[in-house]
Amino acid sequence: MLPITLSRTERLKILANLDFEAKTLLLELEGDLDENSELKKVSDYCVAVRKEARSLTLDLGRIHYVNSPGIRAWIQFISRIQAQFESCSFRLLSESFLHLANQLPEMLGRPENAVESFELPYYCSSCDSRVLVRLGCEDVRSGTGFEPPARKCGTCGEPLLMDEIEQDYFRFLRRGAPTGPQGA
Ligand SMILES: [Zn+2]
């Protein structure tokens, strides 16, 4: 089935892929989230099709920029739509969206909303270049913590370094985990 364009403003395009057989809805967003984003239109659509889909997947891999009114509108949007489906997950989180979501976990909605993949920035010191790598959450799991998997530069072959502070960037993976003192 062909995707439907739910919104196409100058800054943001939103496509809906409703699969009646699989009972899934995929929303793909591309552009910037701001005060002009037509999220109300999209949540109305989600409410209208909630009987046709059990699960909702959001692809945010092409969200480039989010301003403060965009953050407020997004949090309202996610809390409204996640209630319409049995499950809600994120297919891909862009680096810019993830930076904000790490500070404001409400941007990912309920803690049980799964993240399938996300962008991780690496840096090559010999080429002085930055590269975004798409990774699954399992790729960074290591023992009881998280660390970036080893990657090599596609240009010079030297090992890449993660270009963010691990503790901060992987914060979203600890959502819903108990915080605070765990005893001695
Ligand atoms: Zn290199």
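This passage walks through the parallel strands, a helix that packs against its neighbours, and one proline in a predicted model.

It helps to begin with the strands. E3 pairs in the parallel sense with strand E4 (residues 55-66), and nine bridges join them. One of these links can be followed at the level of residues: Glu28 has Asp59 in E4 as its bridge partner. Together with helix H1, the strands E3 and E4 make a right-handed β-α-β unit. The pattern continues on the other edge of the story, where E4 runs parallel to strand E5 (residues 87-93) and is joined to it by six bridges. Here Leu60 has Leu93 in E5 as its bridge partner. From E4 the chain crosses through H2 to E5, and this β-α-β crossover is right-handed.

Helix H1 (residues 39-49) deserves a look of its own. Leu39, Val42 and Cys46 are buried in this helix. These residues lie on the same side of H1, because the arc they cover around the axis is only 60°. The spacing fits a simple rule: an α-helix has 3.6 residues a turn, so residues three or four places apart point the same way. Lys41 and Ala48, on the other side of H1, are exposed. The cover over the buried residues of H1 includes strands E1 (4-8), E2 (12-19) and E3 (24-33), as well as helix H2 (68-82).

Finally, Pro148 sits in the loop between strand E9 (145-146) and strand E10 (161-162). Pro148 counts as buried because it has 21 C-beta neighbours inside 10 Å, where 20 or more are needed. Leaving aside residues up to four places away in sequence, Pro148 touches Leu120, Val140, Met162 and Glu166.

Methods
Residues are numbered from 1 along each chain as its sequence is written. This is a predicted model: local features need pLDDT of at least 70, side-chain atom pairs count only at pLDDT 80 or more; totals for chains, interfaces and linings use all residues. A residue is buried if 20 or more other C-beta atoms lie within 10 Å of its own, exposed if 12 or fewer, and partly exposed in between; C-beta atoms are placed from the backbone. Helices (H or I, at least four residues) and strands (E, at least two) are DSSP runs, numbered from the N terminus. The arc is that of the directions from the helix axis to the C-beta atoms. Two residues are in contact if their C-beta atoms, placed from the backbone, lie within 7 Å. Two strands pair if DSSP finds at least two bridges between them. A crossover is right-handed if, with the strands pointing away from the viewer, the path from the first strand over the helix to the second runs clockwise.
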